[in-house]
Amino acid sequence: MSILQVQDIESGYGEVQILWGLSLQLQPGKLTSLVGSNGSGKTTLLRSVTGLVKPWKGSVTFDGKDVTRLSPHEKAERGLVLVPEARQLFTDMSVLENLEMGATPKRARAEFKQTLNWVYDFFPRLKERQTQLTGTLSGGEQQMVAIARGLMAKPKVLMFDELSLGLSPLLVINLFEVLLKLKKQGLTMLLVEQNVQMALAVSDYAYVLNNGKLETEGEAKQVREMASVRKAYLGL
């Protein structure tokens, strides 16, 4: 049974419709990728799922309950957490203070110290710099903080919006290795990513968006071998 089910979502901004009856589902413990070109609707879908944008039509079911109309805060309390594009950190606060802000759900606060040590195992550099102002970190280190902050919320589903944007190839590889470790630990994840080749390489399942509609879906390995995907997104 899927832990997150998005059914026939239509959404947009003002009078501009971006999503046209989009459906997808996440299986527990799996890493699912949502790929497509710029403007295909990937970020709008994440915003609609988390409540940052109110869907016009359709439904979002999380952990067996309809959460379509809940606020982002209410969804985070239930374990539906987003690592946003451009990080959106508190740059005038320390690394540790940013991580504390992530642990706002009640169940996360109860296990703060344990979760913090778990997060520092993934990102030892953040432990070294926990007292440093976040705004003085490199872009890659700030992305680590953004991911770590999401993990501090004790998510049941963690969603990433453009994980690798603006980062060096080496750091991208390191972050994708973190995703693989999280997958081994059973965390359910949804990855929105422009680096289609990397996304499909680490994912279990993939959806391809085009102009706000689902173009294709399937096991990530199968999607990677589709001629249309190879030509449009992999340059092959």
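In this predicted model, helix α5 (residues 112-122) packs against helix α7 (residues 139-152) at an angle of about 145°, and their axes lie 10 Å apart. The crossing of the two helices is right-handed. From the side of α5, the residues that meet the partner helix are Phe 112, Thr 115, Leu 116, Trp 118 and Val 119, while α7 contributes Ala 148, Leu 151 and Met 152. Sorted by class, this contact has seven nonpolar residues, one polar residue and no charged ones.

Nonpolar residues also come together in the interior. In soluble globular proteins, nonpolar side chains tend to be buried together. Here the largest nonpolar core has 49 residues, and the members that touch the most others are Phe 123 and Phe 160. A second core, separate from this one, has 23 residues, among them Val 6, Ile 9, Val 157 and Leu 209. For Phe 160, the contacts beyond neighbours within four places in sequence are Leu 46, Val 83, Ile 147, Leu 179, Met 189, Leu 190, Leu 191 and Val 192.

The model also has an open sheet of six strands, which can be followed in the order β6-β7-β8-β3-β9-β10, with mixed pairing. At its edges are β6 (80-83) and β10 (213-219), each of which pairs on one side only. Going from one strand to the next, the twist averages 15°.

Strand β3 is a good place to see how this sheet is put together. Strand β3 (residues 31-35) runs parallel to strand β8 (residues 188-192), and four bridges join the two. Four bridges also link β3 to β9, again in a parallel arrangement. Thr 32 helps to picture both pairings: Thr 32 stands opposite Leu 190 in β8, and in β9 the bridge partner of Thr 32 is Tyr 205. Further along, β9 and β10 run antiparallel and are joined by six bridges, including one between Asn 210 and Lys 213 in β10. The hairpin of β9 and β10 has two residues between the strands, and Asn 211 there takes a positive phi near 55°.

A further open sheet has four strands in the order β2-β1-β4-β5, with antiparallel pairing. Strands β2 and β5 are at the edges with a single partner strand each, so one side of each has no neighbour in the sheet. Eight bridges join β1 to β2, and Gly 12 has Gln 17 as its bridge partner in β2. Strand β1 (residues 4-13) is also joined to strand β4 (residues 57-62), through five bridges; here Gln 5 is partnered by Thr 61. Thr 61 in turn has Asp 66 as its bridge partner in β5, where two bridges join β4 to strand β5 (residues 65-66). These two strands form a hairpin with two residues between them, and Asp 63 in the turn has a positive phi of about 55°.

Helices also lie against the sheets. Helix α1 (residues 42-50) lies across β3, β6, β7 (157-161), β8 and β9 (205-210), and runs at about 145° to β7. Helix α8 (residues 169-184) packs on this sheet too, touching β3, β7 and β8, and its direction makes about 155° with that of β8. Helix α1 also lies across strands of the four-stranded sheet, namely β1, β2 and β4, running at about 110° to β1.

Is α1 largely enclosed or left open by the rest of the structure? Seven of its nine residues are buried, so α1 is largely enclosed. The buried residues are Lys 42, Thr 44, Leu 45, Leu 46, Ser 48, Val 49 and Thr 50. Just after the helix comes Gly 51, whose phi is positive, near 95°.

One residue of strand β2 (residues 16-26) completes the picture: Ile 18. Ile 18 is partly exposed, with a relative accessible area of 21%, and buried would mean under 20%. Beyond neighbours within four places in sequence, Ile 18 is in contact with Ser 11, Gly 12, Tyr 13, Gly 41, Thr 44, Asn 211 and Gly 212. Two of these residues have appeared above: Thr 44 is among the buried residues of α1, and Asn 211 belongs to the hairpin of β9 and β10. Ile 18 and Leu 179 are 161 residues apart in sequence, and their C-alpha atoms are 29 Å apart in space.

Note on methods. Residues numbered from 1 in each chain as written. Predicted model: local features only at pLDDT ≥ 70, side-chain atom pairs only at ≥ 80, totals over all residues. Heavy atoms only, no water. Core = buried A, V, L, I, M, F, W, Y, C linked by side-chain atoms within 4.5 Å. Buried < 20%, exposed > 50% of the residue type's maximum accessible area, 1.4 Å probe, protein only. Contact = heavy atoms within 4.5 Å. Axes fitted to C-alpha atoms, helices over the stretch in contact; angles between N-to-C directions. Left-handed = near helix turned anticlockwise from the far one by under 90°. Nonpolar A, V, L, I, M, F, W, Y, C, P; charged D, E, K, R; others polar. Pairing = 2+ DSSP bridges.
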